[in-house]
Amino acid sequence: MKTKIIAGIGIAILAVALIFTMKPKSFSDEFAQTMKDMDSYILQGNMEITKGEDVKAYALEVGYEKGEKDYFKVTLTDKELNQEQIILRN
């Protein structure tokens with residue numbers, strides 16, 4: 001009887017330990033570490049700007065490179081007019 005109780009307690013302790021070791025890492029902590037480790041990246045997406053009932057849609061691309069100075073390039077493309085604007089920071 002004592003061995004069954006001790007075995008049950010041992011299994012319960014192991015189950016709790018496994019639950020805590022398998023707990024996923026915080027996304028924000030993992031993301032911050034990944035961003036520190038990167039030297040460059042390119043982000044692509046769509047952006048919509050609403051002004052009253054008028055909606056403007058843009059394709060957006062952001063590039064970043066780490067060096068002596070941080071370099072940024074932002075490209076905005078108007079989907080309707082097929083016009084492109086580029087913003088550089090170096």
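1. Let's start with one residue, Lys56. Lys56 is partly exposed, at a relative accessible area of 27%. Its side chain meets that of Asp78 in a salt bridge, with 3.6 Å from N to O. Lys56 sits in strand 2 (residues 54–65) and Asp78 in strand 3 (residues 71–78), so this pair ties together parts that are 22 residues apart in sequence. Asp78 counts as buried, because its relative accessibility is 5% and the cut-off for buried is under 20%. As for the wider picture, the structure holds one salt bridge. Side chains of opposite charge can pair when their charged atoms come close.

2. A word on what you are looking at: this is a predicted model. The protein chain has two helices and four strands. Going along the sequence, you meet them in the pattern α-α-β-β-β-β.

3. How does the radius of gyration of the protein chain sit beside that of a compact globule of 90 residues? The chain has 26 Å, whereas such a globule would have a value near 12 Å. The box tells you about the proportions: along the principal axes, the C-alpha atoms fill roughly 80 × 45 × 15 Å.

4. Now for burial and contacts across the chain. Of the 90 residues, 10% are buried. If you take the contacts with a separation of 6 or more, residues 24 or more positions apart account for 14% of them. The chain exposes about 8200 Å², and carbon and sulfur atoms supply 59% of that area.

5. Have a look at helix 1, which covers residues 2–21 and includes Ile13. Ile13 is exposed, with a relative accessible area of 55%. Together with Met1, Ile5 and Ile9, Ile13 forms a nonpolar patch on the surface. The four residues have about 470 Å² of accessible area together.

6. Then the rings. How many aromatic pairs does a search of the whole structure find? It finds two. One of them joins Tyr64 and Phe72, with 5.0 Å centre to centre and 45 degrees between the planes, and this pair is tilted. The label follows from the angle, because planes under 30 degrees apart count as stacked and those over 60 as edge-to-face, with the rest called tilted. Ring pairs link Tyr41, Tyr64 and Phe72 into a cluster. Tyr64 counts as buried at 13% relative accessibility, while Phe72 is partly exposed, with a relative accessible area of 27%.

7. Phe72 turns up again when you look at Leu88. Setting aside neighbours within four places in sequence, Leu88 is in contact with Phe72 and Lys73. Leu88 belongs to strand 4 (residues 83–89). Is Leu88 buried or exposed? With a relative accessible area of 60%, Leu88 is exposed. There is also a distance to check: Leu88 and Val62 lie 26 residues apart in sequence, and their C-alpha atoms are 10 Å apart in space.

8. Thr75 is a good place to pause in strand 3. Thr75 is buried, with a relative accessible area of 12%. Which residues is Thr75 in contact with, leaving aside its neighbours within four places in sequence? Ala59, Leu60 and Glu61 are among them, and so are Glu84, Gln85 and Ile86.

9. Finally, the loop between strand 3 and strand 4, where you will find Asn82. Asn82 is not a glycine, yet has a positive phi of about 55 degrees. Most residues other than glycine have a negative phi. Asn82 counts as exposed, at 64% relative accessibility. Leu81 lies in the loop between strand 3 and strand 4 too, and is exposed, with a relative accessible area of 51%. Leu81 and Glu65 are 16 residues apart along the chain, and 29 Å separates their C-alpha atoms.

Terms used. Residues numbered from 1 in each chain as written. Predicted model: local features only at pLDDT ≥ 70, side-chain atom pairs only at ≥ 80, totals over all residues. Heavy atoms only, no water. Patch = residues over 30% accessible without salt bridge, like charges linked within 9 Å, V, L, I, M, F, W, Y side chains within 5 Å. Areas by Shrake-Rupley, 256 points an atom, 1.4 Å probe, with all protein chains shown as cover. Buried < 20%, exposed > 50% of the residue type's maximum accessible area, 1.4 Å probe, protein only. Phe/Tyr/Trp six-rings, centres within 6.5 Å; stacked < 30°, edge-to-face > 60°. Contact = heavy atoms within 4.5 Å. Rg over C-alpha atoms; globule rule 2.2 N^0.38 Å.
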